[in-house]
Amino acid sequence: MAKGNKGDKGPNTNKDTKAFLAWLDGVPDPQERYRRATEELEKHQQAVEQLSSVRALAAADAYEAGETVRALADRLGVSPSRVHQLIQEAKAQTAKAAGRERRQSGRQKGST
């Protein structure tokens, strides 16, 4: 099945996480175990932020494609107010990204 299709589940990150946690449990030095757990936690927190962004943008894309808030809420299994929140999150992300691009473009023009 092609990447991105509805049935494509992607890589099994749960299996990798379980294996890492099992390995981490066996690290004998508590400070090393703490350090490794902290590093992994920071990576996962970043991943959660990115996944939240992807989810909000996906909901906004469906809305922009013409799906109603109510229909989208039914399909995603969330409330219409949650769909509105997701759309607003996506708009905020888009505006933030556009602001970064404008600032970077301004710096490049000023440096020539």
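Proline 80 touches Val69, Arg70 and Ala73, when its neighbours within four places in sequence are set aside. In this predicted model, proline 80 belongs to helix 4, which covers residues 80–110. The residue is partly exposed, because its relative accessible area is 28% and the partly exposed class lies between 20% and 50%. Between proline 80 and threonine 68 there are 9.5 Å in space, taken from C-alpha to C-alpha, and the two are twelve residues apart in sequence.

Glutamate 67 is found in the loop between helix 2 and helix 3, the latter spanning 69–76. Its side chain is joined to that of arginine 75 by a polar contact of 2.6 Å. Arg75 also appears among the contacts of glutamate 67 beyond four places in sequence, together with Ala62 and Leu72.

**Overall architecture**

The protein contains four helices and zero strands. Read from the N terminus, the order of elements is α-α-α-α. Of the 112 residues in the protein, 13% are buried. Among contacts with a separation of 6 or more, 35% are between residues 24 or more positions apart.

**The aromatic pair**

One aromatic pair is present in the structure. The ring centres of phenylalanine 20 and tryptophan 23 are 5.7 Å apart and the planes stand at 40 degrees, so the pair is classed as tilted. The tilted class applies because the angle is neither under 30 degrees, as for stacked rings, nor over 60, as for edge-to-face rings. Both phenylalanine 20 and tryptophan 23 are part of helix 1, with a spacing of three residues, about one turn of the helix.

The accessibility of these two residues and of proline 80 is set out below.

| Residue | Relative accessibility | Class |
|---|---|---|
| Phenylalanine 20 | 22% | partly exposed |
| Tryptophan 23 | 41% | partly exposed |
| Proline 80 | 28% | partly exposed |

**The largest pocket**

The largest pocket holds about 280 Å³ of space. Its lining consists of Thr13, Asp16, Thr17, His44, Ala47 and Leu51. At least two of the lining residues come from helix 1 (13–25), and at least two come from helix 2 (30–64). By character, the lining of the largest pocket comprises two nonpolar residues, three polar residues and one charged residue. The charged residue is Asp16, while Ala47 and Leu51 are the nonpolar ones. Thr13, Thr17 and His44 make up the polar group.

Helix 1 thus enters the description twice: it carries phenylalanine 20 and tryptophan 23, and it supplies at least two residues to the lining of the largest pocket.

Technical notes:
Residues numbered from 1 in each chain as written. Predicted model: local features only at pLDDT ≥ 70, side-chain atom pairs only at ≥ 80, totals over all residues. Heavy atoms only, no water. 1 Å grid on protein atoms, 1.4 Å probe; cavity = no way out; pocket = protein on both sides within 12 Å on 5 of 7 lines; lining within 4 Å. Points joined across faces, edges and corners; volume = space filled by probe spheres on them. Phe/Tyr/Trp six-rings, centres within 6.5 Å; stacked < 30°, edge-to-face > 60°. Buried < 20%, exposed > 50% of the residue type's maximum accessible area, 1.4 Å probe, protein only. Polar contact = N/O pair within 3.5 Å; in protein donor to acceptor, adjacent residues only side chain to side chain. Contact = heavy atoms within 4.5 Å.
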